[in-house]
Amino acid sequence: MASRTRRRTGRGLGHAMLGPALLLLLALIIVPLVYSAGLSAYSWKLTDIDLPKQFAGLANYTRLLGDPTVRTAVLNTIVYVVAAVGCELVLGFVIAAALFEMTKGRRLANALILLPMIIAPVITALLWRYLLDPQFGLVAQVMGVFGAPSGIGWFGDQHLALPALIVVDIWQWTPFVILILHAGMLSIGQEQFEAASMDGASRLVVLRRIMLPAIVPQIMIVLLFRTMDTYRIFDTVFVLTKGGPGLATETIGLYTYRTGFSYFDMGYAMALSIFILVTVVLVSSVYIRLLRRREVLR
Amino acid sequence: MKRRDWWVIGCYAVVAVFLAWVLVPILTVVLNSVKSPPDIFSATPRLAFTPTGDNFAKVLGELRFQDYLVNSTLVALGSTALSIAVGVPAAYALARLPIRGREWWAWLILFTRMVPAVALVVPMFVIFQSVSLLGTYAALVAAHTTFNLPIVIWMMRSFFEELPPDLEEAAQVDGTGRFGAFLRVALPLTTPALAATGVLCLLFSWNEFLFALVLSGRDTQTVPIGVASFIGTVSVDWGGSSAAAVLAMVPVFVLGLAAQRFLVRGLTFGAVKG
């Protein structure tokens, strides 16, 4: 009897401690999302505030599926994700493996490496805006010293803008990949390396046969978080190109923002935001299921 | 030398080159912030120049960048305090107490990490406008809590789960009860982790851009908005905007290095212990 009362108070306490957080998440996240889903069924522009909202059913969603800008934005995003995350993984693996061999100065190197990922994306954008300035940027200045033609406006060029943004992403997020992969390498048992060196395996063989397979879970985590976060990229693109020139660097987040806050087409903006949410959750769920199967995530 | 030595030297060289790639953009802006215009707008990179404090004087004088710094500090502290006050008890409950549907709640909180800010900012704008909260600190604190609260819950849960349960059980036998065990045993033992979690929340809030762009008003704009407006309108003023960027980066570097050990755990939602 006594233990039963104990249990019940434990459960009451648990609910009392968890309750406020759940209510806050409900109010701040679930309510806006439900509100958004509901209003995405209306045709509603903030520009004519006196007009009543008109029920439009799924019209916003059929428009979305046929919208060429959405298609361009999704394609851009896929190119961006694949190129940026691919480069970050390869580069991150190389640097993490190199760090692993260091006996001196590893702590200092680690501290310096993490700087780009804690800088605000807006500031990262500013750094690169000035670095790649066609006239006075460091890149143009150095190219000028070697007599190369200057005046390349990276972010204003139809073909260079997206690659330039990918370079910025690589600068900012390779450190994240390095730290995760490095943590994975540090957790490999020493005996595995000793066994390999007894067999006389070269460092490259150790890298490929022992280290690479051991950090597969970390690689999958990198893929999950980088894909999820790159898909919703906004800050750097907003500051550097605003999606241009033309639609060369348009992303789905940027398009949603503009639909809502430049065109004030709220009904459509909400449909777009629900589209982003659903696609992110679908892709993440696939990843998380894979991670759970390999017992990387709970 | 042996092949092994060459391999190690190569590794140091690779790291050195990467560090240069990481640091050059940052150092360029730091140098620009103390350069006068002729030294910035030159045909070749100039390393020998007379440093000037004019850019900082201007940014903190007529451009009033300190207002942005104050706004960011208030919003970051508010959101962090709220997230910790509400999130830490919730994390403990999820880690230790019997709760109906525990896994389901945990999944719900994981789901909130996936919700993109852009999906929230559109409805939030309309809701805050209808209750006249648009442009207030409260709106920004609420918006930043949408990402900070899940982080606090998820991280602190992982720290509480790592504690050996015997200590809390012993405290309960002593008659302090389960809440007492949380308050007097679990919380003191996780103070360093709690501090690091708080630092991460401050960092994420300080850097946040989209919510601030849409929900802040003229008097509540945060640092990223200030920096972005520099790039837009006074883009010719490289010195001034670089000085603003330096002012924005210094607290981030201090906070980031303080929380270095827990940074990866925070960024991966506890999936990587680091």
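Modeller: Before we look at the membrane-related record for this predicted model, keep in mind that UniProt annotations may be inferred rather than shown by experiment.

Biologist: With that caution in place, which residues of chain A does the UniProt annotation "transmembrane region" cover?

Modeller: According to the unreviewed UniProt entry, the annotation covers residues 78–100, 112–131, 170–189, 210–228 and 266–288 of chain A.

Biologist: How do I set such a record beside the model, for instance over residues 112–131 of chain A, and what are the helix and strand percentages there?

Modeller: One takes the stretch and reads off its secondary structure and the separation of its ends. Residues 112–131 of chain A are 85% helix and 0% strand, with 20 Å between the end C-alpha atoms. Residues 170–189 of chain A are likewise 85% helix and 0% strand, and there the end C-alpha atoms are 30 Å apart.

Biologist: Which domains does the assignment give for chain A?

Modeller: The assignment gives domain 1, residues 1–30, and domain 2, residues 40–293, and the C-alpha centres of these two domains of chain A lie 38 Å apart.

Biologist: Turning to chain B, how is that chain divided, and how many residues of its two domains are in contact?

Modeller: Chain B is divided into domain 1, residues 3–52, and domain 2, residues 57–267, with 32 Å between their centres, taken over C-alpha atoms. Across the boundary, 8 residues of domain 1 of chain B are in contact with 6 residues of domain 2 of chain B. On the domain 1 side, helix H1 (3–33) and helix H2 (37–40) of chain B each supply at least two residues, and H1(B) gives the largest share, 4 residues. By residue type, that side of domain 1 of chain B divides into 4 nonpolar, 3 polar and 1 charged.

Biologist: How many helices and strands are there in chain B as a whole?

Modeller: Chain B has 14 helices and 0 strands, so that, once helices are identified as DSSP runs numbered from the N terminus, its order of elements reads as α repeated from beginning to end. Along the principal axes, the C-alpha atoms of chain B fill a box of roughly 75 × 70 × 30 Å.

Biologist: And what share of the residues in chain B is buried?

Modeller: Here a cut-off is needed, because a residue counts as buried if 20 or more other C-beta atoms lie within 10 Å of its own. In chain B, buried residues make up 49% of the 274 residues. As for contacts along the sequence, among those in chain B with a separation of 6 or more, 74% join residues 24 or more positions apart.

Note on methods
Residues are numbered from 1 along each chain as its sequence is written. Chains are lettered from A and ligands numbered from 1 in the order in which they are written. This is a predicted model: local features need pLDDT of at least 70, side-chain atom pairs count only at pLDDT 80 or more; totals for chains, interfaces and linings use all residues. Domain bounds come from an automatic or database domain assignment. Two residues are in contact if their C-beta atoms, placed from the backbone, lie within 7 Å. Ala, Val, Leu, Ile, Met, Phe, Trp, Tyr, Cys and Pro count as nonpolar, Asp, Glu, Lys and Arg as charged, and the others, Gly among them, as polar. A residue is buried if 20 or more other C-beta atoms lie within 10 Å of its own, exposed if 12 or fewer, and partly exposed in between; C-beta atoms are placed from the backbone.
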